[in-house]
Amino acid sequence: MVLGATGGIGQALASALAARGGQLWLSGRNGQVLAELVRRLGARAVPAELGHELEVQALAAEVGPLDLFIYAAGAVVRQGLRELDAKDLERLFTANLKGLTLALKHLSFRPGARGVVLGVYPELVSVPGLAAYTASKLAAEGVLHVARREFRREGVRFCLVRLPAVATPLWAPFGEPPKNALTPAQAAERILEGALADPLPETLEVR
Ligand SMILES: NC(=O)c1ccc[n+]([C@@H]2O[C@H](COP(=O)([O-])OP(=O)(O)OC[C@H]3O[C@@H](n4cnc5c(N)ncnc54)[C@H](OP(=O)(O)O)[C@@H]3O)[C@@H](O)[C@H]2O)c1
């Protein structure tokens with residue numbers, strides 16, 4: 001299952017996973033994009049707002065136990081600390097942290113399942129204007145550290161993927177992505193190469 005499947009990287013992951021076969025569940029908020037993915041990939045979709053616990057709970061009940069869970073939801077806000085808007089801050093922490101935490105609370109996993117979370121290179125994002133983004137992504141890493149211990153008995157392993165710039169709508173606040181950004185398809189292939197490898201790396205550094 002891919003959460004954030006309607007995003008730039010999420011859509012590319014969905015296509016790459018569909019090509020590999022197996023039952024594929026997709027979730028996001030944009031119903032139009034989800035419907036198009038279902039039509040094109042033969043996947044199943046459950047729309048959900050990841051900040052609403054009841055929606056996450058309903059999603060988890062519908063999809064049942066998972067073998068692979070990829071958290072590709074996220075948001076960015078480009079605001080200096082003096083300008084930070086409280087609503088934007090909440091939206092950002094919901095997408096990058098709360099959604100992940102609620103998903104881990106409610107999803108169920110088959111033994112040997114893999115959880116994959118898309119993260120950052122801290123040194124690339126710790127720049128003026130990205131305090132809240134950096135904080136929320138590093139907090140998600142903290143959740144993952146603890147999840148590894150709490151889910152060990154269930155046989156679930158987790159991988160943090162550090163990504164360089166990938167050309168997606170996430171870059172909208174900056175005008176456009178950097179020239180050397182990966183395409184979403186390139187990023188998805190590199191993510192899956194690591195996420196499906198044996199043994200699963202704890203950290204996957206995509207370059
Ligand atoms: N792009 C990069 O350069 C880059 C680099 C490093 C790490 N990452 C990480 O990779 C992940 C994916 O990024 P992306 O570039 O693909 O971003 P994106 O194109 O902006 O996609 C973001 C996704 O998150 C979903 N989302 C956001 N808030 C949500 C909420 N409250 N509830 C449910 N879904 C929500 C969006 O759903 P809807 O569109 O349906 O609303 C969309 O599917 C993020 O975690 C990001 O931090 C990206």
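How many nonpolar, polar and charged residues does the shell around the ligand have? By class, 13 residues of this shell are nonpolar, 12 polar and two charged; Ala, Val, Leu, Ile, Met, Phe, Trp, Tyr, Cys and Pro count as nonpolar, Asp, Glu, Lys and Arg as charged, and the others, including Gly, as polar. The model is predicted; local features need pLDDT of at least 70 and side-chain atom pairs pLDDT 80 or more, while totals for chains, interfaces and linings use all residues. Residues are numbered from 1 along each chain as its sequence is written.

Among the 27 residues around the ligand (C-beta atom, placed from the backbone, within 6 Å of it), Gly7, Gly74, Ala95, Thr168 and Leu170 come nearest. Two or more residues of the shell are given by each of helix 1 (8–20), helix 4 (86–106) and strand 5 (109–120). Helices (H or I, at least four residues) and strands (E, at least two) are DSSP runs numbered from the N terminus.

Seven strands form an open parallel sheet in the order 3-2-1-4-5-6-7, where pairing requires at least two DSSP bridges between two strands. Strand 3 (44–45) and strand 7 are at the edges with a single partner strand each, so one side of each has no neighbour in the sheet. Strand 2 (residues 25–27) pairs with strand 3 over two bridges, and Leu26 has Ala45 as its bridge partner in strand 3.

A cis peptide bond, with omega about -10°, joins Asp198 and Pro199. Pro199 lies in the loop between helix 7 (184–195) and strand 7 (203–205).
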